[in-house]
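Me: I would like to learn how to read the ligand sites in a model. Please take me through one example.

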Amino acid sequence: MDIAGQLHTVFGFSSFRNNQQEIVEAILAGRDVFGVMPTGGGKSLCYQLPASLLPGVCIVISPLISLMKDQVDGAIAIGLDAAYLNSTLAQSEQQEVMARLQKGECQLLYISPERLALPGFLQRLKQSPLSFLAVDEAHCISEWGHDFRPDYMALSRIREEFPDLPLAAFTATATRKVESDIIRRLHLADPLMVRASFDRPNLFYQVLPRRQVNRQIEEAISKHKGEAGIVYRLSRKDVEKSAAYLSDRGIAALPYHAGLDAGERQANQEAFNRDDVQVIVATVAFGMGIDKSNIRFVIHGDLPKNMEGYYQETGRAGRDNEPAHCLLFYSPSDFFRLRFFIEKQGKQEDREAGMRQLSRMLQFADQARCRRKAVLEYFDESYPQENCGGCDVCVHGTEAIDTTVDAQKIMSAIYRTGQRFGASHVVDIVYGAKTKKIAALGHDRIKTYGIGHKEGKGYWRTVIDGLLAQGLLAADGGEFPLLKITAQGEEILFGRKDFIHRRVLQPQKELQQEVQGRTDYDRELFTQLQTLRREMAAAGGVPPFVLFSDRSLHEMCRTYPENEAEFLAISGVGKVKLQEYGEAFLSVIREYLLEHPEIEKVRSPVVEQERKRGPARKDSSLSDTLNETLTMAKEGMGIEEIAASRGLKSMTIATHLEQLFERGENGLEISDLIDPDLLEAISNQFTVHGPIRLKPVVEALEGQVDYNLARIVRGYLSGKKSVKEEL
Ligand code: ADP
Ligand code: MG
Ligand code: ZN
């Protein structure tokens, strides 16, 4: 079987990622597989590709109903025969799917573990021709995993009931304990074991001291104009506050936390998924049910509880493997807050484990040491390179500062007040603040009062952070702990040792872009293609990333494909996507190039060569697919009819007609397609809203016009306009 050909024509990729090929080959050979690959590692392809080649139906177990639909939409969008079976389907639809299953009429069937557990379901499966069974998010079967799902237990029976059916299990998280649990419970027999690196090279990790968190978040987002991202906050209250703050400043943001009712939560997630809002502000409750690949940043406004959580949450960025930014705002007060929660837990061992994990997290945030190394070490993986080139520490560099004298000033204030006060009071003393507490206690009379006025309170806070992180100060008791000087700390206070603080340097201007991600693509064109992607997705009822990933769009905005061959060369474009969306995207790009003749120079040499070699298609000649639509339209067939007879989506036909009208002189009459009054109404709306976006026009004329019609009229108007301009 030609797996490379399938990879290219169906998935549109030129090569396999690490590990994918051996997994695909093992499945095709009928062997069990156990694959641990990080988020974005490309697990779906590992089972989708064999499913597309093997006879029979591949059953995919997937834990979340909300993910299932997106995954099936994604599979269908590349031309796979996929379906899902869950409780969101009407009874009759379920029966239809079951009938297809039993006749072996689909390649992939996604089901939930609950479904598998239903009485009689396994019996029905037995009467169906199956190719193999893939278990996605396989860690859900383990009680040791972080999202154990009792329903996954039903999977234990599969091997017994289907001794000959190959099983393939995939997960993005597996400690060794979880790993052996999965293998045991699924009864995998001598599986091909693949463990990919947990490194996510496209993620840039950065930690900044937290000052005014909402302002800092806003500033970070302003560097990601038009790009989607998640902001994580610890408490529901802070989620609400940050979301409101961002909205007030014109950033489209919605909250998500367990305190919202299910309907609102669902709606907000959906809006984010569909790029209708730029940002979702959420507690850690958000993320499991999301497969959105074009998340360009994940910001943590507070310190996460543990490294596992941090890795999972940041891992949601950049699934498309394009650069993405993971930014953590950290203040040592988080430590106290989290410790306070941990100490409230009932069991001693939970408290101890919680504290161990928290101090690991604290080390990560506080040490000026490669973040990537720290993340990977958590997963027992060592990172070979000296400089990872993808974190603030490695990219911006660090400096060692001798802070002995300042440390002594702080410690002296602590010492002289009897080690009975918290960080903010100590800072107030050194800074020389005039608070009631200071006056009442007479702390304005101690020697260090006001000694550090000119450095500012924030500075003194960081000195305390540094001392705490190195164990020179200890903090005890409750949510607002008291600072104490440790034995090691006394060495510094009494001048027997120096206090060297290592800190990350501020980014230089030219390095700023590393953090912001890729800038080597045409942003203006990107915005146009993004809009087109969103509109075509809305019309097709799927999320935008199902049409094309950011990676594909970025590539289009670097290489400017002008014809089908060039379009096919874009990563992620297979033959079905070319057919469905090629013309629409190509026409925007061609038009853009006409408006920007200067772009010629930045074309990539490869594309340029190809352009020169092949006789470039003259602008006036129509592609085959356009011609076919034109012929049918001239015969008087409507959009739906053409779509049905060509086996394409009606939206695709509408994009053809849009272009045909735009080019004019094609023998088509707009009046054959639309009533003159409606035409005028739509034209007026385009005058009001401009020609770029269809959505406002469709919304203004709600119920009278759909995206297809609006699109065609837009083509017609633009054709008229260019005739006028020529005259
Ligand atoms: P996972 O399930 O492991 O988190 P996905 O299967 O969702 O990852 O894949 C992540 C992204 O990587 C998707 O956008 C997918 O299209 C892309 N991808 C997968 N395999 C390849 C490949 N061989 N070449 C390029 N992109 C790939
Ligand atoms: Mg996946
Ligand atoms: Zn690094």
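Me: Are Cys388 and Cys394 buried or exposed?

Reply: This is a predicted model. A residue counts as buried when its relative accessible area is under 20%. Cys388 and Cys394 are both buried.

Me: Which protein atoms are the donors of the zinc ion (ligand 3)?

Reply: The SG atoms of Cys370, Cys388, Cys391 and Cys394 serve as donors, at 2.3 to 2.4 Å from the zinc ion. Along the sequence these donor residues follow the spacing C-x17-C-x2-C-x2-C.

Me: Why is the arrangement around the zinc ion (ligand 3) tetrahedral?

Reply: Four donors count as tetrahedral if all angles lie between 85 and 135 degrees. Around the zinc ion the four donor atoms subtend 103 to 115°, so the arrangement is tetrahedral.

Me: Turning to ligand 1, which residues come nearest?

Reply: Ligand 1 has 15 residues around it, and Ser15, Gly40, Lys43, Ser44 and Arg319 come nearest. By type, the shell divides into four nonpolar, eight polar and three charged residues. Helix H3, residues 43-53, gives the most to this shell, with three residues.

Me: Which polar side-chain atom lies 2.5 Å from an oxygen atom of ligand 1?

Reply: For a polar contact, look for a pair of N or O atoms within 3.5 Å. The atom you ask about belongs to Ser44. Lys43 also places a polar side-chain atom 2.8 Å from an oxygen atom of ligand 1. With Gly42 it is a backbone N or O atom, 3.1 Å from a ligand oxygen. Taken alone, ligand 1 exposes 570 Å², and the protein buries 83% of that.

Key:
Residues are numbered from 1 along each chain as its sequence is written. Chains are lettered from A and ligands numbered from 1 in the order in which they are written. This is a predicted model: local features need pLDDT of at least 70, side-chain atom pairs count only at pLDDT 80 or more; totals for chains, interfaces and linings use all residues. Side-chain values use heavy atoms; hydrogens and water are left out. A residue is near a molecule or strand if one of its heavy atoms lies within 4 Å of it. A polar contact is a pair of N or O atoms within 3.5 Å; within protein, one must be able to donate a hydrogen and the other to accept it, and residues adjacent in sequence count only if both atoms are side-chain atoms. Accessible areas come from the Shrake-Rupley method with a 1.4 Å probe; for residues, only the protein chains shown count as cover. Helices (H or I, at least four residues) and strands (E, at least two) are DSSP runs, numbered from the N terminus. Ala, Val, Leu, Ile, Met, Phe, Trp, Tyr, Cys and Pro count as nonpolar, Asp, Glu, Lys and Arg as charged, and the others, Gly among them, as polar. Donors are N, O and S atoms within 2.8 Å of the metal (3.2 Å for Na, K and Ca); water is not among the atoms, so sites may look incomplete. Four donors count as tetrahedral if all angles lie between 85 and 135 degrees; four count as square planar and six as octahedral if opposite donors are over 155 degrees apart and all others between 65 and 115; anything else is irregular. Buried means under 20% relative accessible area, exposed over 50%, partly exposed in between (1.4 Å probe, protein chains only).
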